[in-house]
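Me: Hi! Could you walk me through this structure? I'm new to this, so plain words please.

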Amino acid sequence: MPAYICGVGLHAPANIVTNHDLEARVETSDEWIVTRTGIRQRHIAQGEVTSDLGTQAARAALADAGLDAADVTHVICATCTPDSYCPNTATQIARKLDLAAPMALDLNAACSGFLYALQMARALTTLEPGATVLVVAAEVLSSRVNWTDRTTCVLFGDGAGAAVVRAQPAARAIEIVDAMLESDGSHGGLLTILGGGSARPYAPGEPVGDDFFVQMNGREVFKVAVRSMTDVCRRMLERHAMTVDDLDMFVAHQANLRIIEAVGKKLDLPAHKVFANVQRYGNTSAASVGIALAEGCADGTFAPGGRVLLTTFGAGFTWGAVLLQF
């Protein structure tokens, strides 16, 4: 059964933190950050929680689809930085949108969350052809960043991307042609936020430790990320008897410009087909590809009739690819 993205939207906090701002906060430099990551700035929430960002992106996606909040039957929120463990963030987005009793759940696949949520939305529209599924990927990663760790604090930003998925095509609808989603828990220790979970509980009054924040072996993550995204993209193209010449644009998880460029090079993609906005947003985890999709639709980067391949890689490890037909 086909499924279609009928509207997309994004939201980023108004507060922008540049590399030069970080120079005053931690031992780093604009040159060091840009050379290693390509990132020049990131949006950082001030007084906003994940559901606030997600709600704004959801409103933009519904407006783009020409739908009202009352049309939504399901809410899926992809996040690894929820407002709270309980209640889940999806219910808070639904509350802020004044939705009437939708199914609402959070999904945590870290940076692969948007693609995992799209696949879940496809499944829901197959089971319930009349469904209108609101997919929201939102993160306030600044709440889990150790701002004294210069190797990680320069990487992350806050933001949200959203999509409305239905079984029926509409004007300018984007067909979700196929999805391949995978994981490998054996590498889980390379990228973690452990503190506060059931494996690392805190007692009342106990100080928060470093494990409450993002911890990463960047060199090893880089290797596995490039290998995994390259492999799944090749297999997706092979499954559809396609080559990179058949693609109009390629969108990888916006974690690091060096990773994006390395995957593009291994796939033999020309530079003009490789989308990048990590320079302005940093790594927004689950929101990354959703933000890229909404931004590319708004500025005409993704044109009607085009084929776009999305790919992600996140903690867990999780990764995958989704093929879109505009």
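Reply: Happy to! One term to begin with: contact means heavy atoms within 4.5 Å. This is a predicted model, where local features need pLDDT of at least 70, side-chain atom pairs count only at pLDDT 80 or more, and totals for chains, interfaces and linings use all residues. Residues are numbered from 1 along each chain as its sequence is written, and side-chain values use heavy atoms, with hydrogens and water left out.

Me: Cool. What does threonine 312 touch?

Reply: Not counting residues up to four places away in sequence, threonine 312 touches Cys111, Ser112, Leu115, Met229, His253, Val289, Thr318, Trp319 and Gly320.

Me: And is threonine 312 buried or exposed?

Reply: Threonine 312 is buried, with a relative accessible area of 0%. Buried means under 20% relative accessible area, exposed over 50%, and partly exposed in between (1.4 Å probe, protein chains only).

Me: Which strand is threonine 312 in?

Reply: Threonine 312 sits in strand β13. Helices (H or I, at least four residues) and strands (E, at least two) are DSSP runs, numbered from the N terminus.

Me: New topic: which residues touch the most other members of the largest nonpolar core?

Reply: Those are Phe250, Leu309, Phe313 and Phe317, in a core of 47 residues. At least two residues each come from α2 (30-37), α6 (218-239), β11 (249-252), α7 (257-266), β13 (307-314) and β14 (318-325). The largest share, nine residues, is from α6. A nonpolar core is a set of buried Ala, Val, Leu, Ile, Met, Phe, Trp, Tyr and Cys residues joined through side-chain atoms within 4.5 Å.

Me: What is phenylalanine 317 in contact with?

Reply: Leaving aside neighbours within four places in sequence, its contacts include Glu182, His187, Leu190, Leu191, Val221 and Val224.

Me: Switching again: how many disulfides are there?

Reply: Zero. A disulfide is a pair of cysteine sulfur atoms within 2.5 Å. For cysteine 6, the nearest cysteine sulfur is that of cysteine 297, 12 Å away. For cysteine 86, the nearest one belongs to cysteine 77, 15 Å away.

Me: Are cysteine 6 and cysteine 86 buried or exposed?

Reply: Cysteine 6 counts as buried, at 7% relative accessibility, whereas cysteine 86 is exposed, with a relative accessible area of 70%.

Me: Last one: which residues of α3 and α4 meet?

Reply: In α3, Thr50, Ser51, Asp52, Gly54, Thr55 and Arg59 meet Thr89, Gln92, Ile93 and Lys96 in α4.
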